[in-house]
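User: I am new to this structure and want to know what the labels rest on. Please take me through the reasoning step by step.

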Amino acid sequence: MEAANKFSPKEFLRKRRPEKFSDSIVEETGTLDRAFLEYYLSSLNNRSQELQFESFSKAVCEKVICSNLLEQTGPVAGGDGKTDTQTFPVSEQNRLMWYEGVNESSHKERWAFGVSTRKDWKAKCKEDVKKIAGTNRGYVKAFNVTNQFVKSDQRSDLEDKLSKEFDLDVRILDRSWLLDQVFKNNLQDIAIETLSIPVSYERNVTLGAGDYRKDVELESLNKKISTEVEPKNITLEQVNWFLRVAELSTELEKPELECRGLYDRAINVAEKFGSNQQRLNAYYGYAWKAHFWLEDIELVEQNLVKSIDCISDSESSTKWEKVVTLLNVYRGHIKITGFDGNVSIDEINETVLTKLKEIASDDTKPSNALLAETHIEMLKLQQMNSVSDTAPIFASLKKIVEKSEHLVGYPFEQVFATFNEMDDFFHEVVEYEDLMDYLIESTSKRDGEVQGAIKYLKRGFKRLETGKPLQAITLIGKALSGLYKEESSEAVILGLRAISSAYESVGLLWAARASALFASSLLIDDFWKHDFLNEKQVESFIRLCWIELRLGRLGQSLQWYELSLVVQSRLGESLISENETTRIDAYISHLLLNERLESLKTLECIPQSLIRLGLLNSSGFLQFALGYDQDLKEVFKDKNEKELLDYLVLVRDYDFGISKANLEDISVRRGEIETNVLGCKIFISYPMRTPYLELSESILSIVESFFATGHLNNLHAKESKLEIEIIADDEDELSVSHEIDDSGGLLRVIVTCSSFEVETINKNAQLALHNWGSEFLIDILCRIFYVNDPKSFAKELIADDKGMERSVSFASSFAATYNVIGKEALKDY
């Protein structure tokens, strides 16, 4: 046990992660040891250094107790103010910027300080407290700082007696306390400077390469905090600065007091201005640094509990991963040191385990569920008392990882890195070796797939830039199947956005919409996992807004535009340019002024929504068209009626350079959408509600994307028209089937779909949709198109160009729409 108690988490991690610690060389010349400073403090009166002792005491108290102490004025200590120094009021916002002398109340309470070098410290303390209480200024605390040594029992007795007598919180800080603060917090320079101590002590630091980079970043962030941060309105981006400053300062191994203060500040800022994820990051970061740098297990406890409370309602396995990590660190410390914790580790473990089991049971989010299963096994692993007992856990982990092979949301590389760190402990366990063999083989395979896919992606980008969209679709489509992995998610998003542009450029708007929607879904995963919002999400939503407008779907377009405004507002930045807003407003006006009056009457509820979104012109034009022309005339009061009408005609007839669609009528019971593929017009009729709307969108998107490159594969239409009718089935379980009817001379497809709930779509349901989509494509392929050489066609489009994967992967607009907007998306249109 004695050896265990000497375990140092800091030295343990320093050996494994030296880059996380300071690599600077510190040289100290001269000495200021505790014994000399103690003697120097005890003999201040001999040198008439009473005033210097006041400066020293104030400086130490500002570092340790509170930062807001008034500068003392006057010729002698105490003076007429009855105190040697006192606090001054500070706003709650400015207090957030403190990282020294951080406390909860000195900014709003009056605290008084008396400093003395009298040997009769007890009498002096009584006098000072009596004077402080007699001022009737509402002091709440009274601190008495003395250069004398005070026995702890005498200090406690006098504090209690004076506190009771004068209704003040009295604290006595003696020479021992001062010495502790100086040497614990590296305040030797303050002591030397304020007390004029005759020593030549110097502490010279030669920055290492790693510390130099961190120091440059730290200096830059501190400058930005001091010049750019407005304490009353700290942005999400700025919240991250405070946490990063705390991290860098700790890794640079700055004084412990400073590091603690910086983390306290970061947490305070995150709690007031940050997102849930930023609060979790602050708690987690402080707990991690508290264990491996500050070696304060009680701080780990406190922040572990805060982390759990912070995400108690979260369904994100990624967030719970931080809690699992801290819980395993805490349990490991208890095992090694025998520490008797202040919280029940078993109760905490049960709470976390219950939540993870709940998440793991939700098979509608397969990646999230598998990651939760991984966390459960990691918790079990930490509870094992013998290495030999871990075999079943590693066998279970191998099965979990195998299931994740084709899931873009499972952090495969991160999981591999975690298990790889365990090699020193479990290398003799056969099941661990089996797991690592599988992970290494899979990593090599995945790396190869990603590298190959990236090459296709780059070629596709070049084809798109040189005006060859069909070739770009072929190449990017090949790339995407190899990129559906968590570690290459950024490349997937880039590919989806590029192929969406390619589809749009050849008029395949449903395929363009599907790929843009899929990209948005992947982008918004950052929010569901980490509460992270960024400008790419805004760009993606604006793109969807435009595609929906080109399809004539005003309600859906406004919803995407509103979502982009919400994200922009949360980020606190102007990401949507005034020109972009004007273009959207103008194009909506253009569509509205080209609609028939009968259609416009169904939009009477829209003007207020347009005004709320800042689309004032389109709102005014719509009201004018509906007969409510007074508001528009007021806006354009500088124009007479003829000039106003001429302006409306100009907007109506303006050539925006893109095809114009009629606005969708959402007041009907059955909706209709259409497309044109290789000369064949395809019409879909569907019940105007979920999930049939999403199914109709998916059908057109998979048809467009699959046959997009048909010209390159010598496909020719033999039917000029295809009608698809979607019929609702009352079954709750997901089922989709189709029948082809050509008996009347017109090709028709009847699709029967159950009224399933979108949020119930799990991995098996997605597979069922995938299989149905594949069958549907093959059936209509043979019915509507001539295929000159079926074998060659199958090899080129299906095998080589991965046309089936390219199209059917977009079929789940159900899941994508639900992931971004929610199941009430259709009701909100």
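**From labels to reasons**

Analyst: Asparagine 268 sits in helix α12, which spans residues 256-273. The model is a predicted one.

User: Why is asparagine 268 called buried?

Analyst: Its relative accessibility is 16%. Buried means under 20%. Asparagine 268 therefore counts as buried.

User: What is asparagine 268 in contact with, leaving aside its neighbours within four places in sequence?

Analyst: Arg95, Leu96 and Val102. Contact here means heavy atoms within 4.5 Å.

User: How do you know whether aspartate 167 is buried or exposed?

Analyst: Set its value against the cut-off. Aspartate 167 has 69% relative accessibility. Exposed means over 50%, so aspartate 167 counts as exposed. Aspartate 167 is in the loop between α7 (152-166) and β5 (169-173).

User: What is notable about phi of aspartate 167?

Analyst: Phi is near 55°, a positive value in a residue other than glycine. Most residues other than glycine have a negative phi. Asparagine 186 also has phi near 55°. Asparagine 186 belongs to the loop between α8 (175-184) and α9 (188-195).

User: What makes asparagine 186 partly exposed?

Analyst: Its relative accessibility is 40%. Partly exposed lies between the 20% and 50% cut-offs, so the label fits asparagine 186.

User: Why is the peptide bond from threonine 690 to proline 691 called cis?

Analyst: Omega of that bond is near 5°. Most peptide bonds are trans. Proline 691 lies in the loop between β8 (680-687) and α33 (692-707).

User: How do you know that glutamate 253 and lysine 10 form a salt bridge?

Analyst: Their side chains meet at 3.2 Å, N to O. The cut-off is within 4 Å. The pair therefore counts as a salt bridge. Glutamate 253 is in the loop between α11 (236-251) and α12, and lysine 10 is in helix α2 (residues 9-16), so the bridge ties together parts 243 residues apart in sequence.

User: What makes lysine 289 and glutamate 251 a salt bridge?

Analyst: Their closest N and O atoms are 3.4 Å apart. That satisfies the limit of within 4 Å, so the pair counts. Lysine 289 lies in helix α13 (residues 276-292) and glutamate 251 in helix α11, so the pair ties together parts 38 residues apart in sequence. Both lysine 289 and glutamate 251 are buried.

User: Which parts does the salt bridge between glutamate 697 and arginine 513 tie together?

Analyst: The N to O distance in this bridge is 3.4 Å. Glutamate 697 is in helix α33 and arginine 513 in helix α24 (residues 509-530), so the bridge ties together parts 184 residues apart in sequence. Both glutamate 697 and arginine 513 are buried.

User: How many salt bridges does the structure hold?

Analyst: It holds 44. Lys721, Glu723, Glu725, Asp741 and Arg748 are linked in a network of them.

User: What makes valine 26 eligible for a nonpolar surface patch?

Analyst: Patch residues need over 30% relative accessible area and no salt bridge. Valine 26 has 40%, so it passes the area cut-off. Valine 26 is in strand β1 (residues 25-29). Val26, Val205, Leu207, Tyr212 and Val216 form the patch, with about 440 Å² of accessible area together.

User: Why is the patch with Glu731 called negative?

Analyst: Its members are Asp730, Glu731, Asp732, Glu733 and Glu757. Asp and Glu count as negative, so the patch is negative. Glutamate 731 has 47% relative accessibility and counts as partly exposed.

How values were computed
Residues numbered from 1 in each chain as written. Predicted model: local features only at pLDDT ≥ 70, side-chain atom pairs only at ≥ 80, totals over all residues. Heavy atoms only, no water. Patch = residues over 30% accessible without salt bridge, like charges linked within 9 Å, V, L, I, M, F, W, Y side chains within 5 Å. Areas by Shrake-Rupley, 256 points an atom, 1.4 Å probe, with all protein chains shown as cover. Charge placed at Lys NZ, Arg CZ, Asp CG, Glu CD. Buried < 20%, exposed > 50% of the residue type's maximum accessible area, 1.4 Å probe, protein only. Helix = DSSP H or I, 4+ residues; strand = E, 2+ residues; numbered from the N terminus.
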